[in-house]
Amino acid sequence: MEDLADPPASAGFVFISDESPGYLKTATAGTRVTLPVFTPPWIVVDHALERVPVTGWPGRLFRVQAVPPTTDEERAAMARAAAGLASHAGYTRAIAVDLLEELSSSVLFGPHGDAVRHIIEAGSALDEERARALESARHPSAEGEYGRAWDRWLAEQPEGAAYRNQDHVWTLSIPGAGPSGSPIGDGFSLIWRMVGTAAQDRGSAGSFTLDEDGDQVLADPWDTALGALLDAAMALGAPHLMDSDAVTVLTAAWNMVFEPRKHAGTDAPQEQA
């Protein structure tokens, strides 16, 4: 199998969610998907996993191969699709792709993507009772540790220097720093979206407030609950960015609410010898 991180220019990845066009939603591995009409929006094939935008959740990820044109109509359509596309864009526009293999969507969030996916799904299912529990259990030092983890990640990025030593306590993504916008791809942004939707669907009348610019934002307990889930995603999705004490701080609320056995740890009663 080809190296997933470095496929040929005409090959790459396509992520399909409920926000994708209808003709893609029924796609399965081993089939060919073709635009119903050769007009935009084109099928976008991202060449690297870290560049795949996760536009909705849940979704399915496919390794694909762009299909070369064979007719004059297809060649003209491909020329229109390629118009204005820079060689270093990192993606290809296609009118048809072969779906070679379905992959776990977790790989979009890095080597610890399964843990991140679990947190995203918890955010999607969040209710006010658990939001209050997360609010109560969030460690007072969590914001600082979350921001410091961002700074350590920025130190690894080719263009990260310009963004270091800033306030990153609510940062979700920094696309200009490197190939990926965050240590876990679009994971932080997805958690933010999932919690916001959960607050709309299951929150009380006071779940949102207006900020100083007049924009609607989450209010507590949802705001702090969101922070607690972002903390956990950083700790469990990018553990190399922190020591064990920071992991403990960042996962305190998550473990208390969603992993009570882990939270008990050494506090659990020990049997006498």
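# A guided tour from an aromatic cluster outward

Please begin by selecting Tyr 146, Trp 150, Trp 153 and Phe 188, which ring pairs link into a cluster. The model on display is a predicted one. Across the whole structure, a search finds 6 aromatic pairs. One of them is formed by Tyr 146 and Phe 188, an edge-to-face pair with 5.6 Å from centre to centre and 80° between the planes. This pair links distant parts of the chain, since Tyr 146 belongs to helix H5 (residues 142-156) and Phe 188 to helix H6 (residues 187-202), 42 residues apart.

Are these two residues buried or exposed? Tyr 146 has 1% relative accessibility and therefore counts as buried. Phe 188 is likewise buried, its relative accessible area being 0%.

Keep Phe 188 selected and turn to Trp 150. Here the ring centres are 5.7 Å apart and the planes stand at 40°, so the pair of Trp 150 and Phe 188 is tilted. Because Trp 150 lies in helix H5 and Phe 188 in helix H6, the pair ties together parts that are 38 residues apart in sequence. Both Trp 150 and Phe 188 are buried.

**A charge over a ring**

Next, select Arg 138 and Trp 170. Arg 138 lies over the face of Trp 170, at 5.7 Å from the ring centre.

**The loop between H5 and H6**

Now follow the chain into the loop between H5 and H6, where Pro 175 is found. Its relative accessible area is 61%, which means that Pro 175 is exposed. Add Arg 51 to the selection: the C-alpha atoms of Pro 175 and Arg 51 are separated by 9.9 Å, although these residues are 124 residues apart along the chain.

**The largest pocket**

Which residues lie nearest the centre of the largest pocket? To find the place, select Glu 50, Ser 180, Gly 181, Ser 182 and Gly 185, which lie nearest the centre among the 28 residues of the lining. The space in this pocket amounts to about 470 Å³. Sorted by class, the lining has 14 nonpolar, 10 polar and 4 charged residues.

**The paired strands**

The tour proceeds to the strands. Select strand S1 (residues 11-17), which is mostly covered, with 7 of its 7 residues buried. S1 and S4 run antiparallel and are joined by 7 bridges. To see one such contact, display Ser 17, whose bridge partner in S4 is Gly 59.

From S4 (residues 59-66), move on to S6; these strands run antiparallel, and 6 bridges join them. Within this pairing, Phe 62 has Glu 102 in S6 as its bridge partner.

S6 (residues 96-103) is also joined to strand S2 (residues 32-34), by 3 bridges, and the two run antiparallel. Select Val 33 to find Val 97 of S6 standing opposite.

**The whole protein**

Finally, clear the selection and view the entire model. The protein contains 10 helices and 8 strands. Its C-alpha trace spans about 75 × 45 × 45 Å along the principal axes. How many residues does the protein have, and what percentage of them is buried? There are 273 residues, and buried residues make up 45% of them. Tyr 146, where the tour found its first ring pair, is among the buried residues, whereas Pro 175 in the loop is exposed.

Conventions:
Residues numbered from 1 in each chain as written. Predicted model: local features only at pLDDT ≥ 70, side-chain atom pairs only at ≥ 80, totals over all residues. Heavy atoms only, no water. Phe/Tyr/Trp six-rings, centres within 6.5 Å; stacked < 30°, edge-to-face > 60°. Helix = DSSP H or I, 4+ residues; strand = E, 2+ residues; numbered from the N terminus. Buried < 20%, exposed > 50% of the residue type's maximum accessible area, 1.4 Å probe, protein only. Lys NZ or Arg CZ within 6 Å of the ring centre and 35° of its normal. Pairing = 2+ DSSP bridges. 1 Å grid on protein atoms, 1.4 Å probe; cavity = no way out; pocket = protein on both sides within 12 Å on 5 of 7 lines; lining within 4 Å. Points joined across faces, edges and corners; volume = space filled by probe spheres on them. Nonpolar A, V, L, I, M, F, W, Y, C, P; charged D, E, K, R; others polar.
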